[in-house]
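I have opened a fresh page for this one. My plan is to look at pockets, then cavities, then strand pairing, then cysteines.

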Amino acid sequence: MKLWYNCHAATLVDGGYGVLENAALLVDGERLHWVGPLGELPAVAITERHNLAGAWVTPGLIDCHTHLVFGGDRSGEFEQRLRGVSYAEIAAAGGGIASSVRATRAASEDDLLASALRRARPLLAEGVTVLEVKSGYGLDLASERKMLRVARRLGEELPVTVRTTCLAAHALPPEFAGRADDYITVLCDDWLPHLAAEGLVDAVDAFCEHLAFSPAQVERVFQAAARLGLPVKLHAEQLSVQHGAALAARYGALSADHLEYLVEEDVVAMAAAGTVAVLLPGAFLTLRETQLPPVAALRTHGVPIALASDANPGTSPVLSLRLMLNLGCTLFGLTPEEALAGVTLNAARALGLAASYGSLEAGKYADFIAWDITRPAELAYWLGGQLETRIIRHGKELARV
C-alpha cells in the first residue's frame with residue numbers, strides 16, 4: 001500500500017470542495033483505498049511513503065468535451081472574425097467545419113496522431129488525466145473511423161484515459177448537399193453500427209442547430225444510438241433556441257453542451273433526467289458571444305455544471321483547461337468551487353464515469369494532483385503559467401509529459 005501524506009485535500013465528494021486538513025491518501029494498486037485525516041490512518045502495511053510537503057490535493061482534472069483530432073489550421077478564420085465576419089458567414093463561404101473536413105480527410109492517420117499529441121500534452125501537463133475526444137471532421141465512414149482510431153491511440157501513447165464520441169452528425173458533408181435526411185439515414189443505418197462493432201465509440205453526439213441538424217434529425221441519431229446501447233450527448237442551444245437540450249434529456253443524455261440559449265423549461269427537463277450542463281467558455285470568448293448560459297437557473301434546478309476546453313480548430317483553440325476555470329468564473333459567474341467541480345466530479349458525470357473518477361473516494365482510480373498552492377481558489381485565480389504540480393495517475397506518479 002502506498003501512502004501520500006502531509007497535504008490538504010479538496011476531495012470534491014458531493015461536488016463541493018470537501019476539504020480535509022492534514023489529509024492522507026492510501027493507494028492500493030490503481031485505486032484509492034482510503035482518504036481521510038492522517039490521524040485516522042487505518043492500520044495497513046505501507047510499502048511506500050510520499051511526503052507532499054503541505055500541497056493541496058485535488059482529483060485529476062477531466063476535460064469532458066474536446067475535438068483534439070483534426071487536420072489543418074483555421075487561424076485565418078480567427079482573423080476574419082476579428083474583422084467582423086460571423087461564424088455563420090464563414091461557414092456559408094466554405095470555411096468553418098467544412099475546411100477542417102477537407103484537411104482531415106487529406107491527412108494520414110499518423111499525421112493526425114502527431115498533431116493531436118502536440119495539442120494533448122499541454123492539457124496533461126496541467127493535470128488532465130481523463131479526456132473526451134470527438135470525431136466529426138471526417139464526415140465519411142473512412143475518415144470518421146480514422147479520427148476515432150487516432151483518439152484511441154492517444155490513450156495508448158499518453159498517460160490519459162480517453163473516451164471517444166462519434167460526432168458524425170456535426171455538419172452536412174458536401175456529398176450530401178441538400179440531402180440532410182439521406183445523410184442521417186446513412187449515418188444511422190450504416191456508419192454507427194460499423195464503428196460501434198469495431199469498438200471505436202463510447203458515446204454519440206450531434207450538433208442541433210439551424211446551421212447543422214434539426215431536432216427531428218438528431219432524434220433519429222439518438223434512436224440509432226439507443227439501438228446500439230450507446231449513451232448520447234448533444235451540442236445544444238449554442239446559437240439559437242432549438243430545444244435540443246430537452247430532446248437530449250428525453251433520451252437520458254449524459255450531457256448537453258454550450259447552452260447559451262437554454263430556456264428554463266429545458267433546464268427543468270435536464271434536471272429530471274440527470275443530464276449534465278457542460279459550459280464552454282473558450283468558444284464563448286473566441287466567438288465574442290454576449291448571450292450568457294443561464295447559470296442561475298441551472299443552480300436553482302440542481303443541474304450539475306461541468307466546464308471543458310472544447311479544444312477545436314475554429315471556435316475554441318484552447319490548450320489549457322485551467323484557463324477554463326478562470327473564464328467560467330469571470331465570464332459565467334461560477335464560483336471557484338463550482339469551477340473545480342466542473343472539471344472533476346461533474347465532468348466525470350458528463351462522461352458517465354463518476355463511479356470511477358472525479359473525486360477522492362475509496363474505490364475510485366487513484367488519479368490526483370498535488371498543487372503547490374495556498375488554497376483551492378488559486379486554480380481559478382491564476383491566468384496562464386504553469387503551476388508546480390505532482391501528477392499521480394492510476395496510482396503512479398508521472399514524469400513531466
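**Entry 1: terms before I start.** I take a pocket as an open set of grid points with protein on both sides within 12 Å along at least five of seven lines, and its lining residues as those with an atom within 4 Å of a point. Also for my own reference, this is a predicted model.

**Entry 2: the second largest pocket.** I started with the second largest pocket, whose volume comes to about 260 Å³. I counted 15 lining residues here, and F70, D73, N312, P313 and P317 are the closest to the centre. Which helix gives the most to this lining? I found that helix α1, residues 75-82, does, with 3 residues. Sorted by class, the lining of this second largest pocket holds 7 nonpolar, 4 polar and 4 charged residues.

**Entry 3: the largest pocket.** Next I turned to the largest pocket, with a volume of about 390 Å³. I listed 20 residues in its lining, and those nearest the centre are A91, I97, A98, A171 and L172. Two helices caught my eye: α2 (87-92) and α3 (97-106) each supply at least two residues of this lining. I noted that α3 gives the most, with 5 residues. How do the lining residues of the largest pocket divide by class? I get 15 nonpolar, 3 polar and 2 charged.

**Entry 4: cavities.** I then searched the whole structure for enclosed spaces and found 3 cavities of 30 Å³ or more. The largest cavity holds about 120 Å³ of space. I see 14 residues lining the largest cavity, with Y87, I97, H170, N312 and T315 nearest its centre. I sorted this lining into 4 nonpolar, 8 polar and 2 charged residues.

I cross-checked two names against my earlier entries. I97 is also among the residues nearest the centre of the largest pocket, and N312 is also among the closest to the centre of the second largest pocket.

For the second largest cavity I have about 50 Å³. Its lining is made up of P59, G60, I62, T129, V130, Y357, G358, S359, Y365 and D367. By class, I count 5 nonpolar, 4 polar and 1 charged in the lining of that second largest cavity.

**Entry 5: strand pairing.** I followed strand β4 (residues 48-59) and looked up its partners. Strand β1 (residues 2-10) runs parallel to β4, and 7 bridges join the two. As one example, I noted L3 bridged to R49 in β4. What is the sense of the pairing between β4 and strand β13, residues 368-371? I found it antiparallel, over 4 bridges. Here P59 has F368 of β13 as its bridge partner. I had already met P59 in the lining of the second largest cavity.

**Entry 6: cysteines.** A reminder to myself: a disulfide is a covalent bond between the sulfur atoms of two cysteines. How many disulfides did I find? The count comes to 0. C188 is in no disulfide, and the nearest cysteine sulfur, in C166, is 9.9 Å away. I also checked the exposure of C188, which is buried at a relative accessible area of 6%.

Why does C329 have no bond to C64? The closest cysteine sulfur to that of C329 is the one in C64, and at 16 Å it is too far for a bond. Is C329 buried or exposed? I have C329 down as buried, because its relative accessibility is 16% and the cut-off for buried is under 20%.

Notes:
Residues are numbered from 1 along each chain as its sequence is written. This is a predicted model: local features need pLDDT of at least 70, side-chain atom pairs count only at pLDDT 80 or more; totals for chains, interfaces and linings use all residues. Side-chain values use heavy atoms; hydrogens and water are left out. On a 1 Å grid over the protein atoms alone, a cavity is a set of points where a 1.4 Å probe fits but cannot get out, and a pocket is an open set with protein on both sides within 12 Å along at least five of seven lines; lining residues have an atom within 4 Å of a point. Grid points are joined across faces, edges and corners, and a volume is the space filled by probe spheres set on the points. Ala, Val, Leu, Ile, Met, Phe, Trp, Tyr, Cys and Pro count as nonpolar, Asp, Glu, Lys and Arg as charged, and the others, Gly among them, as polar. Two strands pair if DSSP finds at least two bridges between them. A disulfide is a pair of cysteine sulfur atoms within 2.5 Å. Buried means under 20% relative accessible area, exposed over 50%, partly exposed in between (1.4 Å probe, protein chains only).
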